[in-house]
Amino acid sequence: MNKEEIQTRMNVLKTYGQSLPGTKVYFREDWGTIYFDLQGKQFGMMSPEADEKALITLKHYPEKNEELRTLYTDVIIPGYYANKKHWNSIKLASEELSDTEIKKMVQISYELVLQNFSKKKQEEITRMGK
């Protein structure tokens, strides 16, 4: 993928992240990253620059993380600057995974973080809709 294609992918993922109820996706200056925020809790982070090293780091089920890393050895690595058991980093320059597949991973990360809220708060967030 060239720089323009990577930037397009990053924009798609930011837009998708922002479409989920209760979220904000913004540049977090103190970390120097694009931060995916669900009511003050991180559900993802992404490189700010569209280049061949650009990553998105997302939470996933620990047992699934190992499987994904084995299936996509050159694309999915243990979470960069994150708990390696629960987080994966995905190389955005790779065409091995489609935008749709990465968006599914964003959704799973969102849902895993949402589960950590009380049932009442979960209902409140999901009713927000966007």
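Guide: Two strands are said to pair if DSSP finds at least two bridges between them. With that term in hand, we may study this structure, which is a predicted model.

Visitor: In which sense do strand E2 and strand E3 pair, and over how many bridges?

Guide: Strand E2 covers residues 33-38 and strand E3 covers residues 41-46; they pair in the antiparallel sense over five bridges. Two of the matched positions can be named. Asp 37 has Gln 42 of E3 as its bridge partner, and Leu 38 stands opposite Lys 41 in E3.

Visitor: How many residues lie between the strands in the hairpin of E2 and E3?

Guide: There are two residues between the strands of this hairpin, and Gln 39 takes a positive phi near 50° there.

Visitor: In what order do the strands of the open sheet lie?

Guide: The open sheet has six strands in the order E1-E2-E3-E4-E6-E5, and their pairing is antiparallel. Strand E1 (23-28) and strand E5 (76-78) are the edge strands, each pairing on one side only. On average, neighbouring strands of this sheet are turned by 30° against each other, with direction ignored.

Visitor: Over how many bridges do E3 and E4 pair, and what is the bridge partner of Met 46?

Guide: E3 and E4 pair in the antiparallel sense over three bridges, and Met 46 has Ile 56 in E4 as its bridge partner. Ile 56 also has a bridge partner in E6, namely Ile 90; E4 and E6 pair over five bridges, again antiparallel. Next in the order, E5 and E6 are joined in the antiparallel sense over three bridges, with Asn 88 in E6 as the bridge partner of Pro 78.

Visitor: How should side chains along a strand be pictured, and why is E6 described as largely enclosed?

Guide: In general, the side chains of a regular strand alternate between the two faces of the sheet. As for enclosure, a residue is called buried when its relative accessible area is under 20%. Strand E6 (residues 87-91) is largely enclosed by the rest of the structure because four of its five residues are buried. E3 is likewise largely enclosed, since five of its six residues are buried.

Visitor: Which strands does helix H1 lie across?

Guide: Helix H1 (residues 3-19) lies across E1, E2, E3 and strand E4 (55-59), and runs at about 135° to E1.

Visitor: What span does helix H3 reach, and which of its residues are buried?

Guide: Helix H3 (residues 99-114) has 16 residues and reaches 22 Å from its first C-alpha to its last, close to the 22 Å expected at 1.5 Å a residue. Its buried residues include Ile 102, Met 105, Val 106, Tyr 110 and Leu 114.

Visitor: How far apart are Glu 66 and Val 106 in sequence and in space?

Guide: They are 40 residues apart in sequence and 17 Å apart in space, C-alpha to C-alpha. Glu 66 belongs to helix H2 (residues 62-71). With a relative accessible area of 48%, Glu 66 is partly exposed, whereas Val 106 is among the buried residues of H3.

Visitor: How is empty space found, and which residues line the largest pocket?

Guide: The general idea is that rolling a probe the size of a water molecule over the atoms shows where empty space is left. Here, the largest pocket holds about 170 Å³ of space. Its lining includes Trp 31, Thr 33, Met 46, Leu 55, Thr 57, Tyr 80 and Tyr 81. E3 and E4 each supply at least two residues of this lining.

Notes:
Residues numbered from 1 in each chain as written. Predicted model: local features only at pLDDT ≥ 70, side-chain atom pairs only at ≥ 80, totals over all residues. Heavy atoms only, no water. Axes fitted to C-alpha atoms, helices over the stretch in contact; angles between N-to-C directions. Contact = heavy atoms within 4.5 Å. Expected span 1.5 Å × (residues − 1). Buried < 20%, exposed > 50% of the residue type's maximum accessible area, 1.4 Å probe, protein only. 1 Å grid on protein atoms, 1.4 Å probe; cavity = no way out; pocket = protein on both sides within 12 Å on 5 of 7 lines; lining within 4 Å. Points joined across faces, edges and corners; volume = space filled by probe spheres on them.
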